[in-house]
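Biologist: Could you walk me through this model with me? I would like to hear the reasoning behind each label.

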Amino acid sequence: MECHFILLFTIVLYFSSFAYSNNWPIGPQNYTERPKVESYCNGALYPFCPTGFSDSHIPSFDDDDKIDLYVLKAPVWEFKFGKLLADLNIIHDAIGFKSHKTGHNYTTEWYELYQLFNCTFPHVVDGRSSPVWCNQGAVCVYPGITDKHWSENGTLKNVAEMSGKDFNKLADYIKDYNHTLPFYETWRVRNSSGDDYQQWFNPCDCATYVQRVFCQAYKLGAKFVDNYTPKYTFITLISDEPVKIGNSSEIFKSDKKKDVAHDIMQFYSYVQAHQPILHFLESLAGLVEYVAFKHKFYLYYNEEYWMLPIKSPFVKLTYEPITFDYCT
């Protein structure tokens, strides 16, 4: 009897482990509608999509029109640092499209509503018991393609063509994307920096948007140029298997988790952007010390907190080719 029990337990454990392991990697959650933005976030330094159409609207085209698709790349924060971040392959991605019939062209991109740092780390606010996140992103569509901006330090290249009929379907996909994927996720998380890895979390950023839109265009029949293999920027945290802690209510409104709640607040206190530069550098040094000695990194993903057992080399910045194989 004991042998039968051990055998049964082993079988159940094996399949339970198999099912659990298949939960990885975790991707961004789809929403039926965009969540409300925390009121604290409504003081953005730069306005979002100031020349764009409302609600990610894209003009429709005649069914028999031909639409060119362009890959657009430029260094992150080019307006501040010029081409500096291009040398580090820290690149912002977007898509351009142009009508053969009218000659009109447009740009679409997906980026953070309240700047990149605020999407990556929360605010620790006096009088608030939990971090305040301003981490939503959205689709921006606006008329024109600024040739100089994209070509001077980056890329402006015609890579595909599709019919107006199929592009109108792509426009519907883009509008749906804007409502269903509202949160920016900076980090990709893996257990290794090498070629043999287990991926834990997928990012959701400007590059993810471009990859998904091009993939959808490919599925709809867009004809891409031969041997087109784009590259994208990835910031990868290296961690052993993540440990789920819970959502904000489960952590910060529970006496049972007050120690971890305190630890999370301490962790994020090291990465507060709105402070004098010397204090910021001191805080950054505190973060490095925390991660290096405690081997912990707190990740907020799909409105839940995870503890990453971070390990060397801790983080890796790469510029990687992505083929259309991922579309199938």
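Biologist: Happy to start with a helix. How do you know that the span of α8 agrees with its 12 residues?

Modeller: The expected span of a helix is 1.5 Å times one less than its number of residues. For the 12 residues of α8 that gives 16 Å, and its end C-alpha atoms are 16 Å apart, so the two agree. Helices (H or I, at least four residues) and strands (E, at least two) are DSSP runs, numbered from the N terminus. A word on the source: this is a predicted model, where local features need pLDDT of at least 70, side-chain atom pairs count only at pLDDT 80 or more, and totals for chains, interfaces and linings use all residues. Residues are numbered from 1 along each chain as its sequence is written, and side-chain values use heavy atoms, with hydrogens and water left out.

Biologist: What makes Asp263 count as buried?

Modeller: Buried means under 20% relative accessible area, exposed over 50%, and partly exposed in between (1.4 Å probe, protein chains only). Asp263 has 9% relative accessibility, so it counts as buried. Buried residues of α8 also include Ala261, Ile264 and Phe267. Their cover includes α7 (248–252), α9 (277–294) and the strands β10, β11 and β12.

Biologist: And why is Gln266 called partly exposed?

Modeller: The relative accessible area of Gln266 is 27%, so it is partly exposed. Gln266 also sits in helix α8. Leaving aside residues up to four places away in sequence, Gln266 touches Tyr290 and Lys294, where contact means heavy atoms within 4.5 Å.

Biologist: Which strands form the sheet beside this helix, and in what order?

Modeller: The order is β10-β12-β11, an open sheet of 3 strands with antiparallel pairing. Its edge strands are β10 (243–246) and β11 (297–301), each pairing on one side only. Helix α8 (residues 258–269) packs on this sheet and touches β10, β11 and β12, its direction making about 95° with that of β11. Such angles run from 0 to 180 degrees between N-to-C directions, with axes as lines fitted to C-alpha atoms, for helices over the stretch in contact.

Biologist: How do you know that β10 and β12 pair?

Modeller: Two strands pair if DSSP finds at least two bridges between them. β10 and β12 (residues 304–308) have 3 bridges, in the antiparallel sense. Gly246 stands opposite Tyr305 in β12.

Biologist: Back to Asp263: what makes its link with Lys296 a salt bridge?

Modeller: A salt bridge is a side-chain nitrogen of Lys or Arg within 4 Å of a carboxyl oxygen of Asp or Glu. The closest N and O atoms of Asp263 and Lys296 are 2.6 Å apart, as a salt bridge needs. This pair links helix α8 with the loop between α9 and β11, 33 residues apart. The structure holds 10 salt bridges.

Biologist: Why does the pair of Arg128 and Glu38 tie together parts that are 90 residues apart in sequence?

Modeller: Their closest N and O atoms are 3.3 Å apart, in a salt bridge. Arg128 lies in the loop between α3 (116–120) and β4 (137–143), and Glu38 in the loop between α1 (2–21) and β1 (66–75), so the pair joins those parts. Arg128 counts as partly exposed at 35% relative accessibility, and Glu38 is partly exposed too, at 28%.

Biologist: Which residues are linked with Asp62 in a network of salt bridges?

Modeller: Asp64 and Lys101 are. Asp62 and Lys101 meet at 3.1 Å, N to O.
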